[in-house]
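Open the model in your viewer and keep the selection panel handy. We'll hop from place to place, and each stop says what to pick and what you'll find there.

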2 protein chains.
Amino acid sequence: MSYSEIKKLFRTPDEYIGKTITVPGWVKTVRDSKTFGFIELNDGTFFRNLQIVFEEGKLENFKEVAKLSVGSSIEVEGILVETPNAKQPFELKANRISIENLCPADYQLQKKRHSFEFLRTISHLRPRTNTFSAVFRVRSLAAFAIHKFFQERGFVYVHTPLITGSDCEGAGQMFRVTTLDMKNPPRTENGDIDYSQDFFEKETSLTVSGQLTGEAYAMAFKNIYTFGPTFRAENSNTARHAAEFWMIEPEIAFSDLKDDMMLAEDMLKYVINYVVENAPEEMQFFNSFVDKGLLERLDNVVNSDFAHITYTEAIEILKKNKDKFEYPVEWGADLQTEHERYITEQVYKKPVFVTDYPKEIKAFYMRINDDNKTVAAMDLLVPGVGEIIGGSQREERLDILEKKMDDMGLSKEDYQWYLDLRKYGGTKHAGFGLGFERAIMYLTGITNIRDVIPFARTTGSCEF
Amino acid sequence: MSYSEIKKLFRTPDEYIGKTITVPGWVKTVRDSKTFGFIELNDGTFFRNLQIVFEEGKLENFKEVAKLSVGSSIEVEGILVETPNAKQPFELKANRISIENLCPADYQLQKKRHSFEFLRTISHLRPRTNTFSAVFRVRSLAAFAIHKFFQERGFVYVHTPLITGSDCEGAGQMFRVTTLDMKNPPRTENGDIDYSQDFFEKETSLTVSGQLTGEAYAMAFKNIYTFGPTFRAENSNTARHAAEFWMIEPEIAFSDLKDDMMLAEDMLKYVINYVVENAPEEMQFFNSFVDKGLLERLDNVVNSDFAHITYTEAIEILKKNKDKFEYPVEWGADLQTEHERYITEQVYKKPVFVTDYPKEIKAFYMRINDDNKTVAAMDLLVPGVGEIIGGSQREERLDILEKKMDDMGLSKEDYQWYLDLRKYGGTKHAGFGLGFERAIMYLTGITNIRDVIPFARTTGSCEF
């Protein structure tokens with residue numbers, strides 16, 4: 001069956017007006033009087049609905065159609081006609097409507113407002129609502145925009161492994177992966193679990209970052225990126241934490257922190273532009289019903305040069321305003337979200353890169369600055385969210401990296417392959433991580449991470 | 001620092017000839033005589049190397065440069081000049097060469113042939129070799145081609161969950177995901193593991209397929225695809241099985257098995273065309289050094305209409321040739337790889353869709369045909385590999401699906417949400433799965449799955 005897509009009707013109506021077409025879809029609403037009626041039909045290809053008009057004389061099954069319930073699936077054949085005086089630009093005058101599924105009355109998505117909390121309990125149905133169809137179409141477009149951005153620049157996409165035998169940067173708690181019988185696991189003589197009998201013959205976990213293995217590929221391809229799932233077994237039951245989420249981690253060789261920040265700024269602007277251009281209806285919807293200032297804020301991001309400030313400078317500014325904050329401000333302590341938002345929302349009113357953090361609060365692989373107190377790290381703060389990107393120049397000097405690992409009690413043996421990347425043809429290089437869900441929250445104004453993930457996995461919750 | 005990329009020099013040389021440029025990269029070879037020398041430099045952006053020529057009078061550090069070791073990283077400034085009578089189209093006449101890293105002599109990737117087995121032990125370095133730089137650039141391009149194909153057709157990309165509380169189609173053994181203390185896990189009164197104290201307060205595993213949750217999204221967006229990692233804890237130590245691999249799973253609503261096969265055929269041709277166009281040097285390399293018939297075989301795929309045959313017809317053909325096979329041929333048994341390859345390589349000499357398999361050997365969700373013996377399933381067989389894609393029309397009839405689940409002993413309660421997709425606005429729909437690594441093996445001629453995954457996870461092996 002050759003179907004016409006509602007999106008194409010709206011984008012290039014001239015190709016369809018006056019023609020007989022067939023459109024399948026789901027019924028959003030039905031209004032009928034005695035001899036004719038209207039159906040708002042959505043086929044999933046577009047945010048807006050197609051109006052179907054049906055008349056008693058023309059349809060064999062007029063009575064059944066007039067009683068169609070919300071959510072039913074149908075196939076409509078008819079002529080597309082212009083409606084110059086109506087809200088919608090055209091409508092489909094039906095000459096045949098086949099009913100594929102008559103949706104029963106206990107369907108939860110009747111035409112009324114539902115809370116996001118309720119909709120989470122029917123995550124398998126919620127993409128059919130306006131809000132979630134907009135969220136997940138934007139999510140899809142943003143994902144593609146990220147690939148497009150990097151591929152156009154010659155970056156190589158690397159699928160870094162998810163199951164890992166190392167604890168990477170030791171960041172966050174990890175999920176164990178095992179095929180051992182939990183009830184009666186094999187044990188060694190001293191009673192420990194005998195992981196040599198596990199699937200991988202060792203202890204394994206789910207990765208928290210693809211960065212380290214990504215670096216290996218940057219030392220071959222110069223510019224690479226990862227885009228894949230990562231996991232955190234943190235017991236954080238907040239609106240911003242999920243146990244399973246997607247990350248984008250580019251890594252660029254022969255590059256320093258400045259190059260890294262330019263890349264992050266270019267990428268963010270590119271993704272915003274792509275989504276605004278390719279999902280205008282959805283973005284307008286968010287701007288009207290979810291977050292009134294959204295489009296203006298995104299516009300401001302695209303059209304401004306991001307600000308740059310060192311951590312030390314940021315601390316000075318924050319100290320002058322310390323009564324505004326709940327958490328204390330002290331050189332050496334990490335910035336809290338309230339501090340980050342103050343800097344980006346009140347001081348700069350645009351995105352800000354904060355650079356050169358104290359080495360003690362950052363990961364071992366970050367490059368030590370000449371002051372020997374700070375590292376070449378950067379966080380990108382954006383209004384409305386706070387930190388959205390974190391990155392750094394990596395320590396490429398083998399001796400300094402080894403000393404740092406010794407100081408932090410990390411096993412050089414476990415990381416031998418990582419040290420090899422410095423020893424053999426090592427170069428200056430840098431990279432960053434963008435949490436994809438945070439980016440989608442930022443792009444849509446949605447404030448709970450559970451509402452931008454198709455089927456969210458959070459503390460105590462793994463449904464569907 | 002503004003660097004020029006070697007890829008751009010080769011693609012648009014006219015923009016660079018006669019100009020002073022700076023190129024960073026890694027030394028592949030050095031040849032020197034007393035007063036001048038040549039370096040083959042690779043910067044990771046391109047399969048081919050840039051020839052650097054350096055002279056004693058022009059370089060301050062001529063002696064050090066002449067002694068550069070393989071794998072060292074350098075930065076070269078010079079003028080790009082044409083070399084009409086040489087093998088390479090141009091060379092870079094160096095007037096400055098800065099040495100960033102002098103690669104030590106124990107570097108394993110000296111200029112000689114290494115076995116794939118050895119290179120697997122240095123997976124962090126092997127993308128620097130010709131073969132693996134070609135493999136992983138093709139992998140990146142193929143991944144993008146898949147996204148591009150579906151996005152151009154309006155498909156919505158869905159990130160289906162990886163951690164799951166259900167065992168999906170019950171396909172294959174699964175990895176358990178847990179944060180419980182393995183040594184002393186909490187137990188219920190009767191001694192079982194108390195999973196209510198686990199991170200998700202229930203038993204969880206790594207998914208084997210995103211299909212079922214993908215179907216939920218097809219019932220909202222009509223056309224969707226997934227592209228993400230999946231896991232199998234099968235103890236299969238073969239050249240074709242990995243414990244962690246990536247899958248592409250489109251799902252199309254208002255569509256039947258014919259639409260599904262058209263989509264699969266279009267997709268495969270699109271990806272081949274994209275890779276051949278965008279990685280000509282790499283594909284030529286595979287054709288010359290890995291698999292002599294590769295380009296001809298791919299060309300044949302792109303230019304032929306795929307054949308169609310039912311399982312029953314295939315069995316008849318195979319029975320006539322049964323002495324050619326190790327495994328018996330019998331209606332009702334699954335096809336073995338030798339059977340699949342015979343059909344596609346000997347009978348048709350091109351890709352073949354085999355359809356309508358016995359219902360007993362296929363998954364519960366496949367749509368039962370009117371003969372009540374077979375299901376609307378399809379496998380795509382390709383020369384050189386056998387099965388590369390498996391798909392089906394899904395059972396959309398609620399009563400028939402419920403009966404099938406009862407017959408197979410599946411819990412309708414666990415799958416209530418999946419049954420909802422039929423009950424509420426269900427439509428005919430179909431989909432398929434493409435194992436991404438199998439596709440890369442097919443595209444490159446590489447015969448071991450460990451050699452198309454950056455850091456492979458297989459039985460007993462989880463390194464790096």
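## Where the chains meet

Eight salt bridges are counted between chain A and chain B (a salt bridge being a side-chain nitrogen of Lys or Arg within 4 Å of a carboxyl oxygen of Asp or Glu). For one to zoom in on, select Lys183(B) and Asp192(A): their side chains meet in a salt bridge, with N to O at 2.5 Å.

A word on the ground rules: this is a predicted model, where local features need pLDDT of at least 70 and side-chain atom pairs count only at pLDDT 80 or more, while totals for chains, interfaces and linings use all residues. Residues are numbered from 1 along each chain as its sequence is written, chains are lettered from A and ligands numbered from 1 in the order in which they are written, and side-chain values use heavy atoms, with hydrogens and water left out.

Now colour the whole contact (heavy atoms within 4.5 Å). It takes 112 residues from chain A and 112 residues from chain B. The area buried between the two chains is about 9400 Å², and carbon and sulfur atoms give 62% of that; buried area here is the accessible area (1.4 Å probe) that two parts lose on being put together, summed over both. On the chain A side, pick His159(A), Met182(A) and Tyr424(A), which lose the most area to chain B, together 9% of what that side buries.

## A sheet shared by both chains

Stay with both chains on screen and select the strands in the order E7(A)-E9(A)-E8(A)-E8(B)-E9(B)-E7(B): these six form an open sheet with antiparallel pairing. Helices (H or I, at least four residues) and strands (E, at least two) are DSSP runs, numbered from the N terminus, and two strands pair if DSSP finds at least two bridges between them. Which strands stand at the edges? They are E7 (163–164) of chain A and E7 (163–164) of chain B; each has a single partner strand, so one side of each is left without a neighbour in the sheet. Inside chain A, E8 (176–178) and E9 (204–206) pair antiparallel over two bridges, and Arg176(A) has Ser205(A) as its bridge partner.

## Chain A on its own

Hide chain B for a while. Chain A comes to 13 helices and 16 strands, and its C-alpha trace spans about 85 × 60 × 45 Å along its principal axes. Of its 464 residues, 60% count as buried (under 20% relative accessible area with a 1.4 Å probe, protein chains only; exposed is over 50%, partly exposed in between).

Go to E1 (20–32) of chain A. A hairpin of three residues joins E1(A) to E2(A), and six antiparallel bridges hold E1(A) and E2 (36–42) of chain A in register; look for Val30(A) opposite Ile39(A). E1(A) also pairs antiparallel with E4 (73–82) of chain A, over seven bridges, where Ile21(A) has Gly78(A) as its partner.

Next, select the eight strands E6-E10-E11-E16-E15-E14-E13-E12 of chain A, an open sheet with mixed pairing. Strands E6 (156–157) and E12 (307–310) of chain A stand at the edges with a single partner strand each, so one side of each is left without a neighbour in the sheet. Further in, five bridges join E11 (244–253) to E16 (429–435) of chain A, antiparallel, with Glu251(A) partnered by Gly431(A).

Then add H10 (337–348) of chain A. Its twelve residues, at 1.5 Å each (times one less than the number of residues), should span 16 Å, and the end C-alpha atoms are 15 Å apart, which agrees. Buried residues in H10(A) are His339(A), Glu340(A), Tyr342(A), Ile343(A) and Thr344(A), and what covers them includes H9, E13, E14 and E15 of chain A. Just after the helix, Lys349(A) has a positive phi, near 55°.

## Last stop: E11 in chain B

Bring chain B back and select E11 (244–253) of chain B. Ten of its ten residues are buried, so E11(B) is largely enclosed by the rest of the structure. In a regular strand the side chains alternate between the two faces of the sheet. Both faces of E11(B) are covered, with Trp246(B) and Ile248(B) among the buried residues on one side and Phe245(B) and Met247(B) among those on the other. Nine antiparallel bridges join E10 (223–231) of chain B to E11(B), and Thr226(B) is partnered by Glu249(B).
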